[in-house]
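Okay, thanks for coming, everyone. I'll put the structure up on the screen, and then I'll talk you through it.

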Amino acid sequence: MIRRMNLLASMHNTLLRWGRGVLGAWGAWWQVLLIGAEIVVLSLSPSSYDDPEERHAIMAHLYRASAPLLTWFLVLSALVSLVLIRIVVATALSYGLSQYALEVLVRTLVLELIPLYAALFVAVRYTMPESQRIRRLLSDEHRRGLRRPRQQLLRLDMLPRALAGVFSVLLLAALSCFIALVLTYLNVYGFSPWALADYNRSVGSVFSPAVSLIFGLKTLFFSLAVAFVPMAASAQPDAGGGFARRSDITEFARLLSVILLLEVVSLMGNYY
Amino acid sequence: MNPTNPQGPVPDPVPPVNNLEVKAALLLLLLLTLIVGSALYVMYARGAFERTQRLVLMSDDSEGVVAGMDMTFAGFAIGKVAQLELAEDGNVRILVDVPTKDAKWLRSSSIFTMEKALVGGTKIRAYSGVLSDPPLEDGAVRQVLRGDAAAEIPKLVAQVRDLLDNLNNMTGEDAPLQQSLANLQLATDRLKGPQGAMGLLLGNDDDAKQLAKTLGNANAVLARTDGLVKRLDSLVVNADRQVFGQDPGGSGNATGGGLVGDARTTVQQLNGLLGEARGSLTKLDTLLVDAQGIASNTREATADLGALRSDVDASLRKVDALINDLNRKWPFARETEIKLP
């Protein structure tokens, strides 16, 4: 009898824990969507840019999110692109399929890899540290018994960082794609300008309207995910109402799951 | 203590940036340029700014053909598949956009092929044999010739299967080839036996001995035949001598004395005789001509004789009548009495 009661109690506790976990996860994802929507609304409303101080803050974050990252990201991106280009070109040549090398390179590098690692780079170097900073401040204020109004948090703290994150992802991805296309041409054809027409035709054949649209939307949603997911996590209070420091890995895993989901959706759109 | 709401944004630990607005504007401008430039580049690369003319290729199957794939001429891409659609008769209409600057390679006599290789996609190719023909008009409809390497594989596999079946039948346990090989083995065993090939050919030893005996007899017959041939040879020599008069040296000249020499002189004499006979006949011929003239003269004389005779007859009748008249008028008769019955 006692054993049966213990079993029931244990089952009850398990279900309770599981239910709380599901509710917590649901709440966290809802918070991401809600804050994301609020930031989008704020970014689209002209009143957000009325105050010169706010404009200045946005510009400062735009600059700080992209300029310091630019050099090293472009160097790393060029290196990775070069390695991949050499591998693909050499493999295609060895199998006698060099006519497909260009298409493979454009599809793998430009369409899939560069937006992905641009988004991850910006997340790791800018939006996640900034969201930790916001959370630390909220935690301090919470300990001092202060409470920052939500509108102020969204408008003064999150909007500039989110816009800067979106801008940075788009800029880095665009620059990196340009460099990758130039490197691909140089690797395949050398410094001769006579293959430009052929190269343009090959690149153009990859970028059909549907593929271009999916590529643009994917990059945009990557940048939104990089901007919103860490911001939303920073503003989410703990169970006790405080803002204790959270593990970077947990935040990164959540961001990665969103980015992978977007990647899968884009792949389905491109190849199904 | 009532909590007071904090004012201002989260403090930034980073020092302020000089000329921030210019730098931010430059970055924004860079991003805008990149995005607009990419869009324009993709449109240019896809030929959005080129003037094109339409070519419609008809095929019964559009497998492997996708919108956006190239049509090549001599390895150069000169057109792009814009659209695929099904015609009313169930055929496939492949609409190809050919840039106007490349349309000169397509002529009214151009041939279009669609090839499907084992590796890689389907390829549409254009061939223009006579470049002096009139150019292909806009919106031209042409039949595309299809070649499919993969479609040959099932046929090839079926043929290989038939071949293997035949091979299996040939190499089976009870196959004729196996039986032939076994018989060959038996034959070679007998070849290696004491009777050798003879035993193999005749089947048993008695027959082989009989054959050996027959061979001995045949040898004797051959020896006798040899003697006979020698005698026949001397007979022929004698006949030669008799007929052609050959000397024993055998020089081959018919020196006379032989049957042939006699015959030759006889023929010469006969020739002379015939010449003389021909002269006699000529004379006879003239004689006959003369005789013919005589005969014709005689015929004429005969005709004159007929007239003469009739004249003579008439004269005689007149003489007879005259005599009768004389007799009547002048009684020369000795007996003039009239006897009465």
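I'll start with the fold of chain B, then go to the contact between the chains, the core, and a few single residues.

One thing before we start: this is a predicted model.

So, chain B. We have 6 helices and 7 strands in there. If you read along the sequence, the pattern is α-β-β-β-β-β-β-β-α-α-α-α-α. How do the strands of chain B run in the barrel? The order is E1-E4-E3-E2-E6-E5-E7, and those 7 strands make a closed barrel with mixed pairing. Ignoring direction, neighbouring strands in this sheet are turned by 35 degrees against each other on average.

Let's look at some of the pairs. Strand E1 of chain B, residues 52-59, goes with strand E4, residues 92-99, and that pairing is antiparallel, over 8 bridges. To find it on screen, look for Leu55(B), whose bridge partner in E4(B) is Val96(B).

Next, E2(B), residues 70-73, which has a partner on either side in the barrel order. With strand E3(B), residues 76-86, the sense is antiparallel, over 4 bridges. Phe73(B) is the one standing opposite Phe76(B) in E3(B). With strand E6(B), residues 122-127, E2(B) pairs in the parallel sense, over 3 bridges. There, Met71(B) sits opposite Ile124(B). As a reminder, strands of a sheet pair through backbone hydrogen bonds, either parallel or antiparallel.

Stay with E2(B) and E3(B) for a second. These two strands form a hairpin, with 2 residues between them. In that turn there's Ala74(B), which has a positive phi of about 55 degrees, although it isn't a glycine. Why point that out? Because most residues other than glycine have a negative phi. Is Ala74(B) buried or exposed? It's exposed, because just 10 other C-beta atoms lie within 10 Å, and the cut-off for exposed is 12 or fewer.

There's another residue like that, Asn19(B). Its phi is near 50 degrees, again a positive value in a residue other than glycine. You'll find Asn19(B) in the segment before H1 of chain B. Asn19(B) has 10 C-beta neighbours inside 10 Å, so it counts as exposed.

A couple of overall numbers for chain B. Of its 341 residues, 8% count as buried. And take the contacts in chain B between residues at least 6 apart in sequence: 50% of them join residues at least 24 apart.

Now, where do the two chains meet? The contact takes 25 residues from chain B and 33 residues from chain A. On the chain B side, the largest share, 13 residues, comes from helix H1(B), residues 20-45. By class, that side of chain B has 17 nonpolar, 5 polar and 3 charged residues.

On to the core. The largest nonpolar core has 72 residues, and the members touching the most others are Leu62(A), Val122(A), Val169(A) and Phe228(A). Helices H1 to H7 of chain A each give two or more residues to this core, and so does H1 of chain B. H4(A) provides the largest share, 21 residues. Zoom in on Leu62(A): leaving aside neighbours within four places in sequence, its contacts are Leu163(A), Ala164(A) and Phe167(A), plus Ala24(B) and Leu27(B) from chain B. There's also a second, separate core of 15 residues, and among its members are Leu57(B), Val65(B), Ala126(B) and Leu136(B).

Back to H4(A), residues 150-189. Its axis and that of helix H1(A), residues 2-44, come within 10 Å and cross at roughly 90 degrees. Therefore H1(A) and H4(A) are roughly perpendicular to each other. Residues meeting there include Ile39(A) and Leu42(A) from H1(A), and Met158(A) and Leu159(A) from H4(A). By class, that contact has 7 nonpolar, 1 polar and 2 charged residues.

Last residue: Met128(A), which lies in helix H3 of chain A. It counts as buried, because it has 22 C-beta neighbours inside 10 Å. Met128(A) is 98 residues from Val226(A) in sequence, yet the C-alpha to C-alpha distance is 8.5 Å. Outside the four places either side in sequence, the contacts of Met128(A) include Pro230(A), Asp248(A) and Phe252(A).

That's my tour, so let's talk.

Note on methods
Residues are numbered from 1 along each chain as its sequence is written. Chains are lettered from A and ligands numbered from 1 in the order in which they are written. This is a predicted model: local features need pLDDT of at least 70, side-chain atom pairs count only at pLDDT 80 or more; totals for chains, interfaces and linings use all residues. Axes are lines fitted to C-alpha atoms, for helices over the stretch in contact, and angles run from 0 to 180 degrees between N-to-C directions. Angles under 35 degrees count as roughly parallel, over 145 as roughly antiparallel, 65 to 115 as roughly perpendicular and the rest as oblique. Two residues are in contact if their C-beta atoms, placed from the backbone, lie within 7 Å. Ala, Val, Leu, Ile, Met, Phe, Trp, Tyr, Cys and Pro count as nonpolar, Asp, Glu, Lys and Arg as charged, and the others, Gly among them, as polar. A nonpolar core is a set of buried Ala, Val, Leu, Ile, Met, Phe, Trp, Tyr and Cys residues joined through C-beta atoms within 7 Å. A residue is buried if 20 or more other C-beta atoms lie within 10 Å of its own, exposed if 12 or fewer, and partly exposed in between; C-beta atoms are placed from the backbone. Two strands pair if DSSP finds at least two bridges between them.
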